[in-house]
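Visitor: Please take a close look at a single part of this model. Start with the pairing of one strand, then work outward to what surrounds it.

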Amino acid sequence: MSVGARVAALLAAAGRGTRLGRGPKALVEVAGSTLLDLALDALAPHVDEVVVAVPPGALAAWPRRPGAVYVEGGETRQESVRALVRASTARHVLVHDVARPFLTGDVIARVLAAARRHGASTAALPVADTVVTEAGEELDRTLLRAVQTPQGFERALLLAAHEAAAAAGVAATDDAALVRRLGRQVALVEGSPLLMKVTRPEDLLVAEALAARLAVGATRGR
């Protein structure tokens, strides 16, 4: 690990990929690259340190990439991120799920700038669909945001949030929720429609098609 690193990318790559049925999710390939490598390629130019959480029991045999540090994750995403934060030395951290392979530099820059300014930030998008409760009550979607990753934090703040949640037995769906639990605001910055999440087999089909379209666009732009 880099001593005194300014910014670290913390990659939650410990998912077992049960719904995909192709082994560890981080090693599933899209357009010839693993989800983990796509995340590393996107984040590495913007950070001083990269820490990756791998599935429990997989650390010894996990394929390594030079310049990255690998730690054993937990049975839940929250446990894995807690291990990542503990392993980092950076002042600010960007937490990203490898299941979102199409991360762009402009999103990274917005999240990091807001984290430096406010202490905590997350990529998010307005909700396009009509949203109703199970009782059929329609919610005002203009007040709703779909939260994505990366999420950016002062490392000390995120560590305090995780330790407090662990001590209280509190679980949350993302790290921003744990920070809000401490009474801190989390800045919302513009995410990207490209930040789809690969969870099910049909998501892989969409990801492959999107990767091919992006590759064509990049070739034409040269």
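Guide: Two strands count as paired if DSSP finds at least two bridges between them. With that in hand, take strand S10, residues 145-154. This is a predicted model.

Begin with one bridge. His92 has Glu154 in S10 as its bridge partner. That bridge belongs to a larger pairing. S6, residues 92-97, is joined to S10 by four bridges, and the two strands run antiparallel.

S10 has another partner. Strand S7, residues 120-126, pairs with S10 over six bridges. The sense is again antiparallel. Here Pro126 stands opposite Arg145 of S10. So much for the ladder partners.

Now look along S10 itself. Pro150 sits in this strand. The peptide bond that leads into Pro150 from Thr149 is cis, with omega near 20°. Most peptide bonds are trans.

Cross to S7 and pick one residue. Ser121 lies in that strand. Is Ser121 buried or exposed? Its relative accessible area is 0%, and buried means under 20%, so Ser121 counts as buried. What does Ser121 touch, leaving aside residues up to four places away in sequence? Its contacts are Val111, Ala114, Ala115, Gln151, Gly152, Phe153, Val186 and Ala187. Gln151, Gly152 and Phe153 fall within the residue range of S10. Val111, Ala114 and Ala115 fall within the range of helix H3, residues 105-118.

For a sense of distance, compare Ser121 with Ala87. They are 34 residues apart in sequence, and their C-alpha atoms are 21 Å apart in space. Ala87 is one of the buried residues of helix H2, residues 77-87. The others are Gln78, Ser80, Val81, Leu84 and Val85. Their cover includes strands S1, S4, S5 and S6, with helices H4 (155-168) and H5 (175-181).

S6 thus serves as a link. It pairs with S10, and it is part of the cover over H2. S6 is also among the elements that cover the buried residues of helix H1.

Turn to H1, residues 35-43. Seven of its nine residues are buried. These are Leu35, Leu36, Leu38, Ala39, Leu40, Ala42 and Leu43. Besides S6, their cover includes S1 (7-12), S2 (29-30), S3, S4 (49-54) and H3.

The stretch ahead of H1 deserves a stop. Thr34 belongs to strand S3, residues 33-34. Thr34 counts as buried because its relative accessible area, 14%, is under 20%. Beyond residues up to four places away, Thr34 touches Ala26, Leu27, Val28 and Glu29. Ala31, in the loop between S2 and S3, makes a contrast. Ala31 has 51% relative accessibility; exposed means over 50%, so Ala31 counts as exposed. The backbone of Ala31 is also notable: phi is positive, about 55°, although Ala31 is not a glycine. Most residues other than glycine have a negative phi.

S4 is named in the cover of H1 and in that of H2. How much of S4 is buried? Six of its six residues are. Both faces are covered. Glu49, Val51 and Ala53 lie on one side. Val50, Val52 and Val54 lie on the other.

The pairing of S4 runs parallel. S1 joins S4 through five bridges, with Leu11 opposite Val52. S5, residues 68-72, pairs with S4 over five bridges, also in the parallel sense. There Val54 stands opposite Glu72.

Last, step back to the whole chain. It holds six helices and 11 strands. Of its 222 residues, 45% are buried. Among contacts between residues at least 6 apart in sequence, 68% join residues at least 24 apart. The C-alpha atoms fill a box of roughly 50 × 45 × 35 Å along the principal axes. The radius of gyration is 17 Å, which agrees with the value near 17 Å for a compact globule of 222 residues. The chain exposes about 11200 Å², and carbon and sulfur atoms supply 53% of that area. Its 26 positive and 23 negative charges have mean positions 4 Å apart.

How values were computed: Residues are numbered from 1 along each chain as its sequence is written. This is a predicted model: local features need pLDDT of at least 70, side-chain atom pairs count only at pLDDT 80 or more; totals for chains, interfaces and linings use all residues. Side-chain values use heavy atoms; hydrogens and water are left out. The radius of gyration is taken over C-alpha atoms; the globule rule is 2.2 Å times the number of residues to the power 0.38. Buried means under 20% relative accessible area, exposed over 50%, partly exposed in between (1.4 Å probe, protein chains only). Contact means heavy atoms within 4.5 Å. Accessible areas come from the Shrake-Rupley method with a 1.4 Å probe; for residues, only the protein chains shown count as cover. Lys and Arg count as positive and Asp and Glu as negative; His and the chain ends are not counted. The place of a charge is taken as NZ of Lys, CZ of Arg, CG of Asp or CD of Glu.
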